[in-house]
Amino acid sequence: MNDNRIGDVGRLARIPSSRVTKWLVVGFWIVVVGFLAGPSSKLQSVLNNEAASWLPADAQSTQVVDQISAFQSTNEFPAVIVYERPSGVTPADLAAVTAQVARFNALEPVKRDSVGPIPSADGQALQVIVPVDAGEAGWDSLSTTATQMRDIAANGPAGLSMHVTGPVGYGADSSEAFSGIDGKLLYSAMAVVILILLITYRSPILWLLPVVSAGTALFVAQGVIYFLADGDTLTVNAQSSGILTVIVFGAGTDYALLLVARYREELRRHADRHEAMAVALHRAGPAILASGATVVAGMLCLLFASMSSTKGLGPVAAIGIAVALLVMLTLLPALLVVLGRWVFWPVRPTLGSVDGTRDGVWARIGARIARAPRRTWVVTSLLLAIASLGVLQLNAVGLQNKDSYYTTPPSVIGEQIVAKHFPAGGGSPVLVLANGAAAAQVRSSLEAVDGVDTVADPVTRDGRSLIQATLTSAPDSDAATATLDRIRTAIAAVPGANAIAGGDTATRVDTLRASSDDNERIIPVILGVVLLILVLLLRALTAPLVLIGTVLLSFGAAIGLSALVFRHVLGFAGADSSFPLFVFVFLVALGIDYNIFLMTRVHEEAKKVGTWRGSLVGLAATGGVITSAGLVLAGTFAVLATMPIVAFAEIGFAVALGVLLDTLIVRSVLVTALNLDIGARMWWPSRLARTDAATTAAAERPEPAAEPALHV
């Protein structure tokens with residue numbers, strides 16, 4: 001490559017695009033993939049799905065998990081097994097169930113004897129509580145245990161139904177739902193990406209390069225994360241592992257689309273493809289790098305979360321994005337210049353060939369916006385604000401077990417049967433730990449709490465006592481939440497007890513409240529980080545503040561419309577408490593990419609032809625590729641709906657809708673109209689705001705409809 005022909009192109013842009021070093025870049029990634037082949041495939045083996053890896057670190061429920069080892073395993077969960085015969089349990093039923101209990105006790109995960117069978121007051125049901133030690137595998141192992149229990153009961157008396165519920169039943173259903181999540185999400189995301197790339201490129205070959213590059217990024221990221229998790233530097237669970245797949249494929253393909261679009265544009269201006277790629281990297285690279293840095297910074301803001309599962313997702317996603325960014329700025333351009341122009345077949349961009357963006361659909365849309373930019377952005381903002389009012393329909397206070405799946409899983413059926421014949425809280429007691437000397441007083445205070453059905457005798461070891469209180473309400477109900485609050489108030493009033501309350505209900509309550517606190521703490525931090533990056537990138541204050549405003553409108557509209565769909569179309573009971581934060585992180589961190597790519601191009605063109613003209617050129621040049629990128633990202637997040645879990649489906653739907661709103665309306669219509677109306681003042685207080693004022697004023701005089709076709 002003749003360096004003199006590419007002028008001010010930096011050295012970094014030349015590394016993957018030169019005639020010699022392109023081969024070194026490809027070879028480097030081949031070596032990296034070979035080295036990480038083993039570690040990447042073992043990521044599932046280091047997932048930490050223990051309860052403590054999900055809970056807020058300082059919550060009482062987490063403290064109980066940490067301190068309960070003197071009484072039982074920290075990974076012990078009760079399996080509530082309920083038998084029902086509507087016509088009445090017979091002596092033969094009781095004998096058969098008693099024999100089955102002996103077999104339950106012989107199962108390897110069962111370390112202590114079961115409780116029961118306990119007859120119901122109406123004589124129609126029996127209940128057995130089996131303590132199951134899930135071990136280091138966490139709830140991943142509960143599905144196997146639940147299956148073994150069902151197999152044991154399979155040959156029971158005819159007409160006697162059996163259901164596994166309680167924490168083990170819920171965990172087993174969750175494990176089944178998450179089973180193979182990485183493979184399902186990977187193949188679904190790949191299918192979506194391939195389809196959209198085929199439509200975008202209209203080439204049977206070119207789509208392979210972004211997909212191969214995205215696959216490489218995911219493979220490498222999984223290997224890096226494995227080493228960190230294996231060394232206890234990073235905590236990874238099933239949730240973060242699944243989202244890693246979606247975010248790397250979605251964001252990675254976005255970066256690929258943006259780079260390929262600029263490369264194709266430069267191929268029409270340069271005879272040498274190496275020179276074209278160097279210029280493309282030099283021009284588009286900073287915007288892509290800024291976009292990736294914004295996502296990484298946004299994800300790392302999750303480290304401020306109190307929820308351990310949310311905190312763990314931050315660095316996992318940040319590593320995935322960082323690797324995707326590195327791959328798309330090195331391996332992808334190297335592969336493109338290695339293979340040459342023919343990969344664009346059948347529409348090969350040759351020197352001097354026509355650029356379709358000159359008079360394409362986005363050029364025409366820009367011309368229409370230019371006729372009345374102020375009216376356009378006012379009306380658009382008003383419509384988005386109205387859509388945001390739907391947030392009043394959002395019930396993000398957590399989902400009960402019965403509302404967490406599309407279908408009714410076995411554990412929910414069992415829970416309903418338990419509630420019909422026994423105290424609804426049976427099998428999921430509140431676990432109270434207190435100083436042994438005050439155990440009797442704590443027990444008495446528990447018995448006096450409204451909503452507590454029974455209180456077991458204290459068990460004392462090493463100066464601490466465990467007291468179990470069974471509630472009259474289902475453990476995941478609002479009534480149980482209120483009872484737990486009363487319990488904590490009562491035990492806190494016992495002098496010298498140092499009492500704390502945990503268990504299934506406490507875990508749910510602490511999770512909901514920690515998620516609500518995280519929403520209030522982290523969302524402002526992310527906004528501040530994104531604003532700072534935009535200020536540094538655009539060297540202005542006006543444009544970043546305007547862009548942040550449009551992002552908030554986009555987020556509000558996405559949440560509002562999603563809430564209406566959830567309640568009135570899909571019939572969901574509510575949303576997970578972490579829903580607003582996750583949607584905000586993904587929409588702001590990922591969605592800001594499109595504003596960055598548009599505004600950096602407008603900034604580049606404004607230096608040549610003024611902000612008015614530069615805004616139209618920027619929209620025309622980037623409209624098609626940003627739309628394609630938005631479709632890819634929306635499609636990859638939409639695959640979360642393939643999971644039978646309501647919380648995942650809601651996040652996937654809301655992010656996909658938000659990305660489409662941002663791509664098709666906010667970025668293309670609202671931001672462009674604001675650029676045209678505000679003009680050179682967008683770049684205040686930079687020098688461009690002053691030097692561009694005269695140029696922009698001159699460009700505003702002609703009627704946009706009468707202007708010649710845009711020249712990109």
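Me: What share of the contacts in the chain with a separation of 6 or more comes from residues 24 or more positions apart?
Reply: Such pairs account for 81% of those contacts, where contact means heavy atoms within 4.5 Å. This is a predicted model, in which local features need pLDDT of at least 70, side-chain atom pairs count only at pLDDT 80 or more, and totals for chains, interfaces and linings use all residues. Residues are numbered from 1 along each chain as its sequence is written, and side-chain values use heavy atoms, with hydrogens and water left out.

Me: Why is the chain called as compact as a globular protein of that length?
Reply: Happy to explain! The globule rule is 2.2 Å times the number of residues to the power 0.38, and the radius of gyration is taken over C-alpha atoms. For 712 residues the rule gives 27 Å, and the chain has 30 Å, which is close, so the description holds. Along the principal axes, the C-alpha atoms fill a box of roughly 90 × 50 × 50 Å.

Me: What makes a residue buried, and what percentage of the chain is buried?
Reply: Buried means under 20% relative accessible area, exposed over 50%, and partly exposed in between (1.4 Å probe, protein chains only). By that test, 60% of the 712 residues are buried.

Me: How do you know which residues touch Leu 336?
Reply: The contact cut-off decides it. Leaving aside neighbours within four places in sequence, Leu 336 is in contact with Leu 206, Leu 209, Val 260, Tyr 263, Met 277 and Val 343.
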